[in-house]
Amino acid sequence: MNMNHEQFAVAKVRPGRAGKVPVSIWDLLVWAFQVERVGLDFDEVGSTSGVRPGVGMEYILMKRGDLGCSIDGGGQSDPHPDADLVASAVSCLPEGCGGRGMAVAIAEMARSGCWPDWGRNMVPGCEPVEWRRCKHGMYAARSLWDGLDRWPAHLLGQSDGYACRVVFTATPADIARARRAWLGWWGALLELRCTFQMRCDLTGFEVVDEMPPRSPWKKVS
């Protein structure tokens with residue numbers, strides 16, 4: 001996933017001491033991976049208890065609490081227990097939400113504080129395949145158009161059979177692909193939000209309904 005650095009975010013939330021702090025799922029992810037520096041363990045329960053992996057997000061979170069195990073946080077001190085729960089939930093995202101590939105992408109984006117690029121700056125265009133420089137500046141390189149599909153000279157507007165080969169950029173397919181990637185990421189965040197709202201097992205946070213926009217391209221003129 002390409003990152004949209006215009007959406008750079010730094011974790012500003014902290015777990016509450018006297019009560020739970022309201023937090024969006026995105027801010028919670030940024031806090032866990034950017035501040036607490038938790039990592040992903042795709043066989044967390046299996047490696048500590050012998051339980052088979054891939055048994056579901058809710059079960060993994062339940063066993064995490066029973067075992068009291070910690071994920072490698074990549075630092076000298078143990079990460080906050082809530083951050084461990086966040087990493088556990090991300091690690092066992094179901095395949096319908098992107099599975100391990102999406103889990104890794106979410107962790108990387110949360111660490112950098114960037115949302116995926118949905119194609120904000122993608123503008124359809126047509127460019128020469130190759131450029132050449134001369135004393136008058138840059139110009140599109142020409143090549144001989146030969147073979148059975150050679151255009152007739154009168155259609156080329158010239159008699160030597162040369163043409164400028166071009167490539168189309170930011171095609172509708174490219175834009176659609178970027179938007180599908182955004183929707184996949186958004187759906188994974190929704191899955192994580194619902195998980196923590198149903199379980200309510202975070203000690204310092206309460207996950208609220210706030211989400212990134214589902215279809216940001218619809219709000220851009």
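Does Trp185 count as buried or exposed, and what is its relative accessibility? In this predicted model, Trp185 has a relative accessibility of 0% and therefore counts as buried, since buried residues are those under 20%.

**Aromatic pairs around Trp185**

A pair of aromatic rings is described by the distance of the centres and the angle of the planes. Across the whole structure, a search finds 7 aromatic pairs. Among them is the pair of Trp26 and Trp185, which is edge-to-face because the planes of the rings stand at 75°, with the centres 5.8 Å apart. This pair links distant parts of the chain, as Trp26 belongs to helix H1 (residues 25–35) and Trp185 to helix H7 (residues 172–199), with the two positions 159 residues apart in the numbering. Trp185 also forms an aromatic pair with Trp182, and this one is tilted, with 4.9 Å from centre to centre and 55° between the planes. Here both partners lie in helix H7, where they are 3 residues apart, or about one turn of the helix.

**Burial of the tryptophans**

The table gives the relative accessible area of three tryptophans that take part in these pairs.

| Residue | Relative accessible area | Class |
|---|---|---|
| Trp26 | 5% | buried |
| Trp182 | 1% | buried |
| Trp185 | 0% | buried |

Together with Trp115, the residues Trp26, Trp182 and Trp185 form one aromatic cluster.

**A charge over a ring**

A further contact involves Trp186, whose ring has the charged end of Arg214 sitting over it, at 5.8 Å from the ring centre.

Conventions:
Residues numbered from 1 in each chain as written. Predicted model: local features only at pLDDT ≥ 70, side-chain atom pairs only at ≥ 80, totals over all residues. Heavy atoms only, no water. Phe/Tyr/Trp six-rings, centres within 6.5 Å; stacked < 30°, edge-to-face > 60°. Helix = DSSP H or I, 4+ residues; strand = E, 2+ residues; numbered from the N terminus. Buried < 20%, exposed > 50% of the residue type's maximum accessible area, 1.4 Å probe, protein only. Lys NZ or Arg CZ within 6 Å of the ring centre and 35° of its normal.
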